[in-house]
Amino acid sequence: MEDEVNRAAQARKGSPFLNTAQAAFYVGLSHRTLEKMRLTGDGPRFRKHGRYVRYHIDDLDSWSQGERRDSTSDKGGLS
């Protein structure tokens, strides 16, 4: 838990816009997983700034909150 708090605090010190590697670190996934999720539409919302993909910290937090489960059999989002 402390690691998560430190990771969030570190990310929030700079710009609220994170690149894929930074966003992946923030949510605790690999950048490849985040890229695949972006292609399938299963991941957090992202923005295109020119040719660059950026994730806003608020969008990452919102997505993470939506992924909350009560059990491993919980499909989520049905509450």
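**Exercise 1. Place Asp-59 in the fold, and decide whether Asp-59 is buried or exposed.**

Step 1. Asp-59 is found in helix α4. Helices here are DSSP runs of H or I with at least four residues, strands are runs of E with at least two, and both are numbered from the N terminus.

Step 2. Asp-59 has a relative accessible area of 17%, so Asp-59 is buried. Buried means under 20% relative accessible area, exposed means over 50%, and partly exposed lies in between (1.4 Å probe, protein chains only).

Step 3. Look for a partner. The side chains of Asp-59 and Arg-47 are joined by a polar contact of 3.2 Å. A polar contact is a pair of N or O atoms within 3.5 Å; within protein, one must be able to donate a hydrogen and the other to accept it, and residues adjacent in sequence count only if both atoms are side-chain atoms.

This is a predicted model: local features need pLDDT of at least 70, side-chain atom pairs count only at pLDDT 80 or more, and totals for chains, interfaces and linings use all residues. Residues are numbered from 1 along each chain as its sequence is written, and side-chain values use heavy atoms, with hydrogens and water left out.

**Exercise 2. Work out the strand order of the open sheet, and find which strands stand at the edges.**

Step 1. Recall the rule. Strands of a sheet pair through backbone hydrogen bonds, either parallel or antiparallel. Two strands count as paired if DSSP finds at least two bridges between them.

Step 2. Take β1 and β3. They pair in the antiparallel sense over 2 bridges. Phe-17 has His-56 in β3 as its bridge partner.

Step 3. Take β2 and β3 (residues 52–56). Their antiparallel pairing runs over 3 bridges. Arg-47 stands opposite Arg-54 in β3. His-49 has Tyr-52 in β3 as its bridge partner.

Step 4. Write the order. The 3 strands run β1-β3-β2, with antiparallel pairing. β1 (17–18) and β2 (47–49) each have a single partner strand, so they stand at the edges, and one side of each lacks a neighbour in the sheet.

Step 5. Check the turn. The hairpin of β2 and β3 has 2 residues between the strands, and Gly-50 there takes a positive phi near 65°.

**Exercise 3. Find which residues of α2 are buried, and on which side they lie.**

Step 1. List them. Thr-20, Ala-23, Ala-24 and Tyr-26 are buried in α2.

Step 2. They cover an arc of only 160° around the axis, so they lie on the same side of α2. The arc is that of the directions from the helix axis to the C-beta atoms.

Step 3. Inspect both ends. At the start of α2, a side-chain oxygen of Asn-19 comes within 3.1 Å of the backbone nitrogen of Ala-21. Gly-28 follows α2 and has a positive phi, near 80°.

**Exercise 4. Describe the lining of the largest pocket.**

Step 1. Define it. A pocket is an open set of points on a 1 Å grid over the protein atoms alone, where a 1.4 Å probe fits, with protein on both sides within 12 Å along at least five of seven lines; lining residues have an atom within 4 Å of a point.

Step 2. Count the residues. The lining has 13 residues, and Glu-4, Tyr-26, Val-27, Asp-61 and Ser-64 lie nearest the centre of the pocket.

Step 3. Trace the sources. α1 (2–12), α2 (20–27) and α4 (57–66) each supply at least two residues. The largest share, 5 residues, comes from α4.
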